[in-house]
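User: I am new to this structure. Please take me through a few of its labels and the reasoning behind them.

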Amino acid sequence: MLAFSFIFSSLSSFAQEPSAYEISLIKSNKMIAVIGVLVIILIGIALYLFSLERKLKKLEERIDSK
Amino acid sequence: MEKFLKQTWWKILAIAFLLYAIIGGLLVPLAGTGSGLAFPNMPILNESIRNLLYHVPMWFSMVVLLLISFVYSLKYLSNSNPIFDNYANTFAQVGVFFGALGIFTGMLWAKSTWGAFWTNDPKLNGAAIGMLIYIAYLILRSTIEDEVKRGKIAASYNIFAFIMYLAFIFVIPRLTDSLHPGNGGNPAFSSYDLDNTLRLFFYPATIAWILLSLWIAGILSRINALNIKLDEKGE
């Protein structure tokens, strides 16, 4: 709340009064951004691990067929 | 390198530090909401300051991986050992992967703090150009059949690529205006971190993500090395 009032006291960054979207952006606590970042990283690494698995399986098949 | 990649100790360290970074990074409250350990409570950033522990290390990992790729490209130029070429190639690939993670996580964070997924900003554009430089390296490799020729040309390109990459993501953004923290006259988060609480988590987190990236790169390079060995034995 204190931080919110600080922003409004230094409103020079806005050309006009902040829109409803801008206000909700400033007010929201942004935890969703942290969770989203962690989810992106986890899903990315998971996909990469699956791709590594496939490469390893192909390699194992290649060795077995020799 | 080969021996290091097969060791276990640093992998356990990576997971331990990663757990510390995730559990601590999410549990430590923002300043002003209780006594004790707290992260800086900045307007607009709010809880998303925690992303310092997750978004930023993606880029540190990429730089470390690309540095290793660069070193092996240098080694390959003086001694055409296919092992060196394999490391150069593989570490560049995984470097691009972590760069992609850095860009996507950055876009999400940007949306929540700047209101847009992307801005016309030197740091952001520099990071995108850096990615394109290395994607070009990977494409260049795929166009050449002959192994030694491919290795030499790719290694030469890599030397140039790494230097340009550092210029685009570190040097240029600091020379001009930028929205991104740490560039263009903006303070980095360290200036808000007056009691060093962020650092208490940021340093282990960075080490953890770097080690994790080395682990992934190591697994891929060992798979590629085995395929190369099988190719050499002929079948």
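Analyst: This model is predicted. Let us start with B:Asn183, found in the loop between helix H6 (147–175) and helix H7 (197–233) of chain B.

User: Why is B:Asn183 called buried?

Analyst: Its relative accessible area is 1%. Buried means under 20%, so B:Asn183 is buried.

User: What makes the link from the side chain of B:Asn183 to B:Pro181 a polar contact?

Analyst: The side chain of B:Asn183 reaches the backbone oxygen of B:Pro181 at 3.2 Å. The cut-off is within 3.5 Å, so this pair counts. B:Asn183 also touches B:Lys123, B:Pro173, B:Arg174 and B:Ser178, not counting residues up to four places away in sequence.

User: How many aromatic pairs are there over all chains?

Analyst: The count comes to 17. One of them joins B:Tyr72 and B:Phe84.

User: Why is the pair of B:Tyr72 and B:Phe84 called tilted?

Analyst: The rings lie 5.7 Å centre to centre, with 45 degrees between the planes. Stacked needs under 30 degrees and edge-to-face over 60, so this pair is tilted.

User: What does the pair tie together?

Analyst: B:Tyr72 lies in helix H3 (residues 56–78) and B:Phe84 in helix H4 (residues 82–114), both of chain B, so the pair ties together parts 12 residues apart in sequence. B:Tyr72 is buried at 8% relative accessibility. B:Phe84 is buried too, at 16%.

User: What makes B:Phe97 and B:Phe98 an edge-to-face pair?

Analyst: Their ring centres are 5.2 Å apart and their planes stand at 85 degrees. Edge-to-face needs over 60 degrees, so the label fits.

Technical notes: Residues numbered from 1 in each chain as written. Chains lettered and ligands numbered in written order. Predicted model: local features only at pLDDT ≥ 70, side-chain atom pairs only at ≥ 80, totals over all residues. Heavy atoms only, no water. Helix = DSSP H or I, 4+ residues; strand = E, 2+ residues; numbered from the N terminus. Buried < 20%, exposed > 50% of the residue type's maximum accessible area, 1.4 Å probe, protein only. Polar contact = N/O pair within 3.5 Å; in protein donor to acceptor, adjacent residues only side chain to side chain. Contact = heavy atoms within 4.5 Å. Phe/Tyr/Trp six-rings, centres within 6.5 Å; stacked < 30°, edge-to-face > 60°.
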